[in-house]
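Grab your viewer and work through the exercises below. Each one sets a task and then walks through a solution.

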Amino acid sequence: MGALSVTGALKEAARHEIDRHAEELIGLSERLHADPETAWEEHRAAAAVPELLDRAGFEVTSSYLGLETAFLARFGGGPVRIALCAEYDALPGLGHACGHNLIAAGSVGAALGLAAVADDAGLTVEVYGTPAEEGGGGKIEMLDRGAFAGVDLAMMVHPAPVDVAEARPFAVSHSKISYTGKSAHAAAYPEAGVNAADAFTVAQVAIGLLRQQLPASARVHGVVTHAGDAPNAIPERATGRWYVRAESLAELAELEPRVMRAFEAGALATGCALEIEPESKPYAEFRTDETALGHYRANALALGREFAPPGQAARMNRASTDMGNVSQVVPAIHPYIGIGSLPATNHQHEFAAYCVGGKAQRALLDGAMALAWTGVDRSAPAGGAAA
């Protein structure tokens, strides 16, 4: 029997296993969607996501590497190590408006499919439960503690309005900005106050003017999370969260100090004290494994998926992700799978609503299947049972 027919048989066996667990995978996705937890607080999700893997014979390690909401689930002992990344944190105030419920369930599904053929394909299947993708850099913390070492291919598939194969995310830094001034009665003793809210006003004006001199690829955006408590008291403390994005970590290293000087200007102009605290290490740009991406593209097309042409609807592939840091260390892909949400796009309430239901269910199962088949394709050149 030739290599192609053996690979085809392995893919069919993986498909059968994913189909067999379809209802459970959909149920997991909907359970996560109905119970969103934000970065580093995903205790219920971190327990729920590996349940099905545990029942399927995976060896599950909770609180992986000392991170309470991370886990590792492993199956098999073959020479080719395939890692699936499960994200499950939600957005503050928006729930699963980026579809991490589908990411987690899709990675579990792909892992189940690969586990069914692990012995014949010569695979070790690993599922990494990766907390705090939405600004917390969970995968970076895991990398720093030794996760992903020696993996042959790391994968995940991310919901988007339309299908896009290649990830091209920006590098990004996340900073907490705090100004401290002095309170005073705003009418009786205004001269005694030092206005922390005004410091943010100065900084945002400076950033707005700076944008004229920034590269077209740069992004600078944020929110003021607190700027006073009473209109008749000068705010003594103001806080915010700001992101700076660039094409690469190298460009980010040049750009970020210029943005930080705008915040320094706010402190200088108002007399406030300034504190800048990184919320995580910077997220890196993505380094795509082109061979694996070619396999994924072919597998997705075989499932009837259609990839969108370049354009506004396809721009989710520019969103930053800590999976970029993983891709700098091991071969990786991060394709996007469409859930038919247009005009709704990621990080909108309307998009969250599309992350359950018929189109989301199809995306979940197609994504799991395409990832599993890509894992089978990766095993074939190893010359083992799949050759």
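**Exercise 1. A helix pair**

Work out which residues of H8 meet H9, and what classes they belong to.

Solution. Keep in mind that the coordinates are a predicted model.

- Step 1: list the contacts. On the H8 side you should find Asp 198, Ala 199, Phe 200, Val 202, Ala 203, Ala 206, Ile 207 and Leu 210, and they meet Arg 258, Val 259, Ala 262, Phe 263, Ala 265, Gly 266, Ala 269 and Thr 270 of H9.
- Step 2: sort them by class. The H8 and H9 contact comes out as 12 nonpolar, 2 polar and 2 charged residues.
- Step 3: add the geometry. The axes of H8 (residues 196-210) and H9 (residues 249-270) come within 8 Å, crossing at roughly 145 degrees. The crossing of H8 and H9 is right-handed.

**Exercise 2. The sheet under H8**

Find the strand order of the open 4-stranded sheet, and say which strands stand at its edges.

Solution.

- Step 1: follow the pairing. The order is S8-S9-S7-S10, and the pairing is antiparallel.
- Step 2: pick out the edges. S8 (219-226) and S10 (273-278) each have a single partner strand, so one side of each has no neighbour in the sheet.
- Step 3: get the twist, which averages 20 degrees from one strand to the next.
- Step 4: check one pair. S7 (residues 171-180) and S9 (residues 237-246) run antiparallel and are joined by 10 bridges. Within that pairing, Tyr 179 stands opposite Ala 238 in S9.
- Step 5: put the helix back. H8 packs on this sheet and touches S7, S8 and S9, with its direction at about 20 degrees to that of S9.

**Exercise 3. A mixed sheet**

Trace the 6-stranded open sheet and find its edge strands.

Solution.

- Step 1: write down the order, S1-S2-S4-S3-S5-S11, with mixed pairing.
- Step 2: look at the ends. S1 and S11 (332-333) are the edge strands; each has a single partner, so one side of each is left without a neighbour in the sheet.
- Step 3: start from the S1 end. S1 (residues 59-62) and S2 (residues 71-75) run antiparallel with 4 bridges, and the bridge partner of Val 60 in S2 is Ala 73.
- Step 4: move one strand on. S2 and S4 (residues 123-130) are also antiparallel, joined by 5 bridges; here Arg 74 has Glu 126 in S4 as its bridge partner.
- Step 5: jump to the other end. S5 (residues 153-155) and S11 pair in the parallel sense over 2 bridges, with Ala 154 partnered by Ala 332 in S11.
- Step 6: add a helix. H5 (residues 100-115) lies across S2, S3 (80-87) and S4, and runs at about 155 degrees to S3.

**Exercise 4. The nonpolar cores**

Which members of the largest nonpolar core touch the most other members?

Solution.

- Step 1: rank the members. That core has 63 residues, and Val 49, Leu 53, Phe 58, Leu 84 and Val 127 touch the most other members.
- Step 2: ask where the core residues come from. H13 (residues 358-379) gives the largest share, 11 residues.
- Step 3: zoom in on Val 49. Beyond four places in sequence, Val 49 touches Leu 28, Leu 32, Phe 71, Ala 86, Tyr 88, Ala 104 and Val 108.
- Step 4: follow one of those contacts. Leu 28 sits in H2, and counts as buried because its relative accessible area is 8%, under the 20% cut-off. Leu 28 and Val 108 are 80 residues apart in sequence, yet their C-alpha atoms are 9.5 Å apart.
- Step 5: look for another core. A second, separate one has 31 residues, including Leu 91, Ala 147, Val 151 and Ala 167.

**Exercise 5. Backbone oddities**

Where is the cis peptide bond, and which non-glycine residues have a positive phi?

Solution.

- Step 1: recall the background. Most peptide bonds are trans, and most residues other than glycine have a negative phi.
- Step 2: scan omega. Leu 342 and Pro 343 are joined by a cis bond with omega about 10 degrees. Pro 343 lies in the loop between S12 (336-338) and H12 (349-354).
- Step 3: scan phi. Trp 40 has a value near 70 degrees, and Ser 63 one near 45 degrees.
- Step 4: place them. Trp 40 is in the loop between H2 and H3, while Ser 63 is in the loop between S1 and S2.
- Step 5: check exposure. Trp 40 is partly exposed at 31% relative accessibility, and Ser 63 is partly exposed at 37%.

How values were computed:
Residues are numbered from 1 along each chain as its sequence is written. This is a predicted model: local features need pLDDT of at least 70, side-chain atom pairs count only at pLDDT 80 or more; totals for chains, interfaces and linings use all residues. Side-chain values use heavy atoms; hydrogens and water are left out. Two strands pair if DSSP finds at least two bridges between them. Axes are lines fitted to C-alpha atoms, for helices over the stretch in contact, and angles run from 0 to 180 degrees between N-to-C directions. Contact means heavy atoms within 4.5 Å. A crossing is left-handed if the near helix is turned anticlockwise from the far one by less than a right angle, and right-handed if clockwise. Ala, Val, Leu, Ile, Met, Phe, Trp, Tyr, Cys and Pro count as nonpolar, Asp, Glu, Lys and Arg as charged, and the others, Gly among them, as polar. A nonpolar core is a set of buried Ala, Val, Leu, Ile, Met, Phe, Trp, Tyr and Cys residues joined through side-chain atoms within 4.5 Å. Buried means under 20% relative accessible area, exposed over 50%, partly exposed in between (1.4 Å probe, protein chains only).
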